[in-house]
Amino acid sequence: MKQKLGIAQVLMEDPKVIVLDEPFNGIEKKTTINLRKVLKAQAKLGKIVIISTHMDADINDLADEVYEFDDCQVKK
């Protein structure tokens with residue numbers, strides 16, 4: 001519940017840049033699906049959405065660009 005409230009608070013502020021760290025961690029499947037739709041809609045509005053995650057499904061579904069950090073190296 002705390003995770004969902006934090007994300008809702010960020011979205012209510014209507015920022016130009018949204019930064020989320022593991023946003024789907026601990027959230028049930030239905031909410032995850034809805035949150036993905038919301039984040040895609042925010043990106044279509046021209047907002048920058050930055051997500052830090054270990055989940056390939058999140059990356060493949062949401063990312064336009066992917067940067068991978070491995071052993072202090074950044075790979076695009």
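# A tour from His 54 outward

Begin by selecting His 54, which sits in the loop that runs between strand β2 (48-52) and helix α3 (56-62). Keep in mind throughout that the model on screen is a predicted one. With a relative accessible area of 70%, His 54 is classed as exposed, so its surface should be visible once the chain is drawn with a molecular surface.

Which side chain does His 54 meet through a polar contact of 2.5 Å? Add Glu 22 to the selection, since the polar contact of 2.5 Å joins the side chains of His 54 and Glu 22. Computed along the sequence these two residues are 32 residues apart, whereas their C-alpha atoms lie 7.6 Å apart in space.

Stay with Glu 22 and colour its backbone, for this residue belongs to the loop between β1 and α2. Is Glu 22 buried or exposed? Its relative accessible area is 18%, and Glu 22 is therefore counted as buried, the cut-off for that class being under 20%. The backbone of Glu 22 also deserves a look, because its phi is near 50°, a positive value in a residue that is not glycine.

Step back by one position to Asp 21, which is part of strand β1. Asp 21 has a relative accessible area of 57% and is exposed. Now select Ser 52 as well: it is 31 residues away from Asp 21 along the chain, yet the two C-alpha atoms are separated by 4.7 Å. The side chains of Asp 21 and Ser 52 make a polar contact of 3.3 Å. If neighbours within four places in sequence are set aside, the residues in contact with Asp 21 are Gln 3 and Ser 52.

A second positive phi can be found by moving to Asp 14, in the loop between α1 (2-12) and β1 (17-21). Although Asp 14 is not a glycine, its phi is about 55°. Asp 14 is exposed, at a relative accessibility of 51%.

Next, go to helix α2 (residues 29-44) and select Arg 36 within it. This arginine has a relative accessible area of 18% and is buried. Show the residues that surround Arg 36: apart from its neighbours within four places in sequence, it is in contact with Phe 24, Ala 57, Asp 58, Asp 61 and Leu 62. To one of these, Asp 61, the side chain of Arg 36 is joined by a polar contact of 3.4 Å between side chains.

Finally, clear the selection and view the whole chain. Its secondary structure consists of 3 helices and 4 strands, which follow one another along the sequence in the pattern α-β-α-β-α-β-β. The radius of gyration is 13 Å, close to the 11 Å that the globule rule gives for 76 residues, so the chain is as compact as a globular protein of that length. Rotated onto its principal axes, the C-alpha trace spans about 35 × 25 × 20 Å.

A surface view completes the picture: the chain exposes about 6,200 Å², of which carbon and sulfur atoms supply 55%, and buried residues account for 22% of the 76 residues. Of the contacts between residues at least 6 apart in sequence, 45% join residues at least 24 apart. Colouring by charge brings up 12 positive and 13 negative charges, whose mean positions are 9 Å apart.

Conventions:
Residues numbered from 1 in each chain as written. Predicted model: local features only at pLDDT ≥ 70, side-chain atom pairs only at ≥ 80, totals over all residues. Heavy atoms only, no water. Helix = DSSP H or I, 4+ residues; strand = E, 2+ residues; numbered from the N terminus. Rg over C-alpha atoms; globule rule 2.2 N^0.38 Å. Buried < 20%, exposed > 50% of the residue type's maximum accessible area, 1.4 Å probe, protein only. Contact = heavy atoms within 4.5 Å. Areas by Shrake-Rupley, 256 points an atom, 1.4 Å probe, with all protein chains shown as cover. Lys, Arg positive; Asp, Glu negative; His and termini not counted. Charge placed at Lys NZ, Arg CZ, Asp CG, Glu CD. Polar contact = N/O pair within 3.5 Å; in protein donor to acceptor, adjacent residues only side chain to side chain.
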